[in-house]
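Let's walk through this one together, from the overall layout down to individual side-chain pairs. Keep the viewer open as you read.

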Amino acid sequence: MQMGGDLGQVYRRLVTAVNDIEKRIPFSHDDRLGFLTFCPTNLGTTVRASVHIKVPKLAADKAKLEEVAGKYNLQVRGTRGEHTEAEGGVYDISNKRRMGLTEYDAVKEMNDGIAELIKLESSL
């Protein structure tokens with residue numbers, strides 16, 4: 001995690017860390033399912049890329065926020081994660097999909113959806 005919007009920097013740091021860990025402890029992997037994790041919703045890449053973003057205008061119509069997020073395969077959570085409320089109009093927005101795409105594609109999909117949310121928020 002880090003402040004700011006440099007997703008590339010965060011992603012590169014994650015890849016470096018994962019590669020270093022895997023040199024010491026191999027991850028469980030299935031050719032069909034991808035990486036095997038404790039949480040079945042994370043099968044595949046296991047990547048849940050997220051940002052905290054303040055979208056007060058979109059948040060005024062939560063159904064609209066959810067609709068737009070859904071078009072980009074994004075999940076809307078409260079500020080402190082799943083099953084929490086947003087604090088001050090700040091939401092945790094992350095990718096829904098983890099299977100059938102690469103780790104890079106999961107982060108890019110989230111980034112593209114966030115860019116659209118920012119554009120929409122600015123236009124309201």
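Of the 124 residues in the protein chain, 30% count as buried; keep in mind that this is a predicted model. The C-alpha trace spans about 50 × 25 × 25 Å along its principal axes. Among contacts between residues at least 6 apart in sequence, 56% join residues at least 24 apart.

On to the secondary structure. The chain holds 4 helices and 5 strands, and reading along the sequence you get α-β-β-β-α-α-β-β-α. Three of those strands form an open sheet in the order β3-β5-β4, with antiparallel pairing. Its edge strands, each pairing on one side only, are β3 (50-54) and β4 (74-77). From one strand to the next, the twist averages 30°. Helix α3, residues 62-71, packs on this sheet and touches β4 and β5, its direction making about 150° with that of β4.

Now zoom in on the pairing of β3 with β5 (residues 90-95), which is antiparallel and runs over 5 bridges. Within it, H52 has D92 in β5 as its bridge partner. D92 also has a side-chain role: it forms a salt bridge with R48, with the closest N and O atoms 3.3 Å apart. That pair links distant parts of the chain, since R48 sits in the loop between β2 (34-35) and β3 while D92 is in strand β5, 44 residues away. D92 is buried, at a relative accessible area of 5%, whereas R48 is partly exposed at 32%.

How many salt bridges does a search of the whole structure find? The count is 6. Another of them joins the side chains of R97 and E109, at 3.0 Å from N to O. Here R97 lies in the loop between β5 and α4, and E109 lies in helix α4, 12 residues apart. R97 is partly exposed with a relative accessible area of 34%, while E109 is buried with 15%. Then there is K23 with D20, meeting at 3.7 Å, N to O. These two are 3 residues apart in helix α1, so about one helical turn separates them. K23 is exposed at 69% relative accessible area, and D20 is partly exposed at 34%.

Not every charged residue gets a partner. E121, in helix α4 (residues 103-123), is buried yet has no salt bridge. The nearest side chain of opposite charge is K57, 5.2 Å away, and a salt bridge needs the nitrogen within 4 Å of the carboxyl oxygen. Leaving out residues up to four places away in sequence, E121 touches V55, P56, K57 and L58.

Helix α4 also takes part in the aromatic story, which comes to 1 pair. The rings of Y11 and Y104 have centres 6.3 Å apart and planes at 75°, so the pair is edge-to-face. It links Y11 in helix α1 (residues 7-24) to Y104 in helix α4, 93 residues apart.

Finally, two loop positions. G88 lies in the loop between β4 and β5 and is exposed, with a relative accessible area of 58%. Although G88 and K54 are 34 residues apart in sequence, their C-alpha atoms are 7.6 Å apart in space. A60 sits in the loop between α2 (56-59) and α3, and is exposed at 69%. The C-alpha atoms of A60 and C39 are separated by 32 Å, with their positions 21 residues apart along the chain.

Terms used. Residues are numbered from 1 along each chain as its sequence is written. This is a predicted model: local features need pLDDT of at least 70, side-chain atom pairs count only at pLDDT 80 or more; totals for chains, interfaces and linings use all residues. Side-chain values use heavy atoms; hydrogens and water are left out. Two strands pair if DSSP finds at least two bridges between them. Axes are lines fitted to C-alpha atoms, for helices over the stretch in contact, and angles run from 0 to 180 degrees between N-to-C directions. Contact means heavy atoms within 4.5 Å. Buried means under 20% relative accessible area, exposed over 50%, partly exposed in between (1.4 Å probe, protein chains only). Lys and Arg count as positive and Asp and Glu as negative; His and the chain ends are not counted. Rings of Phe, Tyr and Trp (its six-membered ring) pair if their centres lie within 6.5 Å; planes under 30 degrees apart count as stacked, over 60 as edge-to-face and the rest as tilted.
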